[in-house]
Amino acid sequence: MKWSLTIEEVLELIGSTKVVGQYQGQLTGLADLREAGSGDLSFLSGGKYNKFLSDSKASVILVPADQEGEPVENQAWLPVEDPSNALTAICSHIEAMLVPNPVTGIHPSAIIDPSAELDPTVAVGPYCIVCEDVKIGRGTILESNVRVERGSVIGEDSFLSHGAVVGWGCQVGNRCRLFQGSVIGADGFGYRSDKSGHHPVPQIGIVIIEDDVDLGAHTCIDRARFAATKIGRGSKIDNLVQIGHNNIIGKHNILCAQVGMAGSNELGDFCIMAGQVGIAG
C-alpha cells in the first residue's frame with residue numbers, strides 16, 4: 001500500500017514552518033537513519049543515534065530543535081521540540097490513509113438482536129454478532145467477527161478489532177481499543193476442590209473497562225466471581241496478558257506482554273509491569 005507526502009504537508013502535520021536545507025520531492029517511505037534512502041522520512045531523537053545523522057541518506061529528517069550541524073545536499077532537516085512526537089503525528093495521518101475506518105452501518109452478514117441499541121454512527125463489520133440488550137455508543141467500530149454478548153455496554157469512539165469478544169454484562173468505556181482476539185468477560189478461574197475433583201464456582205460478576213484503555217491481541221480479562229474486575233482509565237495492556245477475576249487495575253498502568261495476574265489483586269496508578277511479570281493472588 002502506497003502513500004506520499006510533500007514537505008509542506010509534513011510541516012502542517014507537525015505544526016511547524018522551520019526548515020533547514022532543501023528537498024523538493026515527494027516523501028514515500030519511513031526508515032531509520034541507517035537504512036533510509038531517497039524519498040524517505042526519518043527522525044533523530046538524540047543520544048546514541050547522533051552518530052548516524054551525518055551519513056544518513058534520508059531526504060527529510062526530524063531533528064531536535066537545538067541540533068547542531070547542517071544537512072547534506074538535497075536533504076532537509078525539520079527542527080522540532082520532540083522528534084518522536086512529531087513522527088507520531090505523521091504516522092497517525094499515514095495510518096488514516098492506509099487503513100480508513102469502515103463505512104458507518106451494519107454489514108449484511110452481521111447478526112444484530114432487535115433489542116440492541118446502536119447509535120446510527122456505529123460501524124458493524126462482517127460476521128459480527130451483537131446480542132440482546134446490548135448498547136453501543138456513537139462512532140464505535142466493530143471490525144469483523146466481533147461478538148458482544150447480552151447486556152453489555154460499549155461507549156463512544158471505541159474500536160474492537162477482528163475476533164474480539166465482550167462477555168455478557170461487561171462494560172467498555174469511550175475511546176477504548178480491543179485488538180485481535182482479545183476477550184473480556186470469560187469465566188474467572190475459580191474451582192472448589194475436594195477428594196472427588198475440582199468443581200466450578202459460578203463467576204457471576206462482570207468486567208469494567210474504563211475510558212482510553214488499550215487491550216493487546218489475545219489478552220484476556222476474566223469476569224469477577226462477584227462484583228467486578230476493573231481496568232482503570234488510560235491503562236495500556238500488551239498482547240498475551242492474563243488478568244484474573246476480581247483484579248482492580250488503577251489508572252494509566254502499563255502491562256507488557258505475558259504478564260499474568262492471579263485473582264483479587266490491586267494495582268495503584270501509573271504502575272509498570274514488564275514482560276512476563278507474575279503476580280500471585
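**Exercise 1.** Find which residue of strand S9 is the bridge partner of Ile106, and place the two strands in their sheet.

*Solution.*
Step 1. Strands here are DSSP runs of E with at least two residues, and helices are runs of H or I with at least four residues, both numbered from the N terminus. The model is predicted, so local features need pLDDT of at least 70 and side-chain atom pairs count only at pLDDT 80 or more, while totals for chains, interfaces and linings use all residues. Residues are numbered from 1 along each chain as its sequence is written, and side-chain values use heavy atoms, with hydrogens and water left out.
Step 2. Two strands pair if DSSP finds at least two bridges between them. Strand S6 and strand S9 (residues 123-124) run parallel and are joined by 2 bridges.
Step 3. Ile106 has Val124 of S9 as its bridge partner.
Step 4. The open sheet to which they belong has 9 strands in the order S6-S9-S12-S15-S18-S23-S26-S29-S32, with parallel pairing. Its edges are S6 (105-106) and S32 (272-273); each has a single partner strand, so one side of each is left without a neighbour in the sheet.

**Exercise 2.** Give the strand order of the open sheet of 5 strands, and state where helix H1 packs.

*Solution.*
Step 1. The order is S1-S5-S4-S3-S2, and the pairing is mixed. At the edges stand S1 (20-21) and S2 (29-30); because each has a single partner strand, one side of each lacks a neighbour in the sheet.
Step 2. Within this sheet, S3 (residues 40-43) pairs with S4 (residues 60-64) in the parallel sense over 3 bridges. Phe43 is placed opposite Leu62 of S4.
Step 3. Helix H1 (residues 7-14) packs on the sheet and touches S4 and S5 (76-80), where contact means heavy atoms within 4.5 Å. The direction of H1 makes about 5° with that of S5. Such angles run from 0 to 180 degrees between N-to-C directions, and the axes are lines fitted to C-alpha atoms, for helices over the stretch in contact.
Step 4. Helix H2 (residues 83-98) lies across S2, S3, S4 and S5, and runs at about 140° to S4.

**Exercise 3.** Trace the pairing of strand S19 with S16 and with S24, then describe the hairpin of S20 and S21.

*Solution.*
Step 1. S16 (residues 165-166) and S19 (residues 183-186) run parallel and are joined by 2 bridges. The partner of Val165 in this pairing is Val183.
Step 2. S19 also pairs with S24 (residues 220-222), in the parallel sense over 3 bridges. Here Val183 has Cys220 as its bridge partner.
Step 3. S20 (residues 191-194) and S21 (residues 197-200) run antiparallel, joined by 4 bridges. They form a hairpin with 2 residues between them, and Ser193 stands opposite His198 of S21.

**Exercise 4.** How many aromatic pairs are counted, and which charged residues sit over rings?

*Solution.*
Step 1. Rings of Phe, Tyr and Trp (its six-membered ring) pair if their centres lie within 6.5 Å; planes under 30 degrees apart count as stacked, over 60 as edge-to-face and the rest as tilted. The count is 3 aromatic pairs.
Step 2. One of them is the tilted pair of Tyr49 and Phe52, at 6.3 Å centre to centre and 45° between the planes. Tyr49 is partly exposed, with a relative accessible area of 34% (buried means under 20%, exposed over 50%, partly exposed in between, with a 1.4 Å probe and protein chains only). Phe52 is partly exposed too, at 23%.
Step 3. Another is edge-to-face: Phe189 and Tyr191, at 5.0 Å centre to centre and 70° between the planes. Phe189 is exposed at 66%, while Tyr191 is partly exposed at 45%.
Step 4. A charge sits over a ring if NZ of Lys or CZ of Arg is within 6 Å of the ring centre and within 35 degrees of the ring normal. The charged end of Arg34 sits over the ring of Phe52, 4.7 Å from its centre. Arg223 lies over the face of Trp168, 3.8 Å from the ring centre.

**Exercise 5.** Why does Cys176 have no disulfide bond?

*Solution.*
Step 1. A disulfide is a pair of cysteine sulfur atoms within 2.5 Å. The whole structure holds 0 disulfides.
Step 2. The closest cysteine sulfur to that of Cys176 is in Cys170, 13 Å away, so it is too far for a bond.
Step 3. Cys176 is buried, with a relative accessible area of 0%, whereas Cys91 is partly exposed at 31%.
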